[in-house]
Amino acid sequence: MENKNFEDIFEAKMAKNEIIEPKDWMPDNYRKHLIRQISQHAHSEIVGMLPEGNWITRAPSLRSKLVLLAKVQDEGGHGLYLYTAAETLGTDRDELLNALHTGKAKYSSIFNYPTLTWADIGAIGWLVDGAAIMNQVMLQRTSYGPYARAMVRICKEESFHQRQGYEIMCHLSFGTSEQKEMAQDALNRWWYPTLMMFGPPDAESPNSENAIKWRIKRESNDQLRQRFVNQTMEQVDYLGLTVPDKNLKYNETKKAYDFSEPNWAEFKNVISGNGPCNKERLAARNEAHKKGEWVRAAAAAYAKKNKDAVAA
Ligand code: BYC
């Protein structure tokens, strides 16, 4: 069959809202777009384990330690589902990891900020996982089957993560004045970096046009950012905290909040590798990969042994 026919079939599937599966024909750019987004998403999950992992040994109670440990392990699992989904597109995990380790691939800007206090663990769960869910709910209906299915499971776990963070914020906000101050300080530092997670404004988002056309993203960066602010403000008020934005105000006409844009120059700097913790994060990932060499070798030897036994 001519490529043109394949393209027509692909377009017809898109028009009918049908799912594309690994063995279906797809345009090269669709494949490349997905490999880029899914692998960056996978990298974000595993790099995202680092700022929180930093607090496992210092969690203030056995219960909070167990919950944080479970959450960080979940992020590792999310990374695995997503690398596997990316591999169904014909890429190779070593290649993807190499791109992360050499600084060629991006991962979420948010994980290049430090976790200075226990309240930061609350703010990450509440705000960062909250923003992640806001963005990822639509990805459960993304047009590529393996990505959509991975996202269903990930979203279930992310909801628990968001509750974990909000619970910490509740304890601190309704605790002593020092605890409330810690919660406010964490909110002050994580607010704008969280808004940056949704990506640049729509007018400056080069990938959005294709992403929306191919139903990879179903809503734009700005739409999701606005919904996140609307939803989070109720929780900010309940906690008795304030966001570090003098312009944030409910707009009766648009039935949504007006708010200040994050500092997009800072965002560009962070995603270019020059944020507060980029170098530290990459060094930690490289070291973990090196230390895991024997595990990969043992797993490969075991798989080979089983394969040889079947062949014999
Ligand atoms: N950080 O054209 P645009 C999580 C890049 S949550 C770094 O709008 P797109 C977790 C973008 O890659 C976080 N880079 O891109 C939560 C592009 O550069 P390239 C992960 C960013 O793809 C808690 C350029 O800027 N979530 O995992 O249409 C604990 C122009 O942007 C960022 C996902 O990955 C950023 N914030 O939209 C642990 C969700 N924003 O690639 C873990 C899936 C933009 O052309 N991904 N860039 O060189 C998406 O939904 C979309 O990829 C984005 C960006 C909304 C992130």
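## Contacts with the ligand

A polar contact is a pair of N or O atoms within 3.5 Å; within protein, one must be able to donate a hydrogen and the other to accept it, and residues adjacent in sequence count only if both atoms are side-chain atoms. Asn 207 offers an example through its backbone, where an N or O atom lies 2.9 Å from an oxygen atom of the ligand. Taken alone, the ligand exposes 1000 Å², and the protein buries 90% of that (accessible areas come from the Shrake-Rupley method with a 1.4 Å probe; for residues, only the protein chains shown count as cover).

Side chains join in too. A polar side-chain atom of Gln 40 is 2.9 Å from a ligand oxygen atom, and one of Glu 45 is 3.3 Å from a ligand oxygen atom.

## About the model

This is a predicted model, in which local features need pLDDT of at least 70 and side-chain atom pairs count only at pLDDT 80 or more, while totals for chains, interfaces and linings use all residues. Residues are numbered from 1 along each chain as its sequence is written, and side-chain values use heavy atoms, with hydrogens and water left out.

## The shell around the ligand

Which residues come nearest to the ligand? Of the 31 around it (each with a heavy atom within 4 Å), they are Lys 106, Ser 109, Ser 205, Lys 217 and Asn 221.

Helix H2 (28–47) gives the largest share of this shell, six residues. Helices H2, H6 (118–136) and H11 (264–274) each supply at least two residues (helices are DSSP runs of H or I, at least four residues, numbered from the N terminus).
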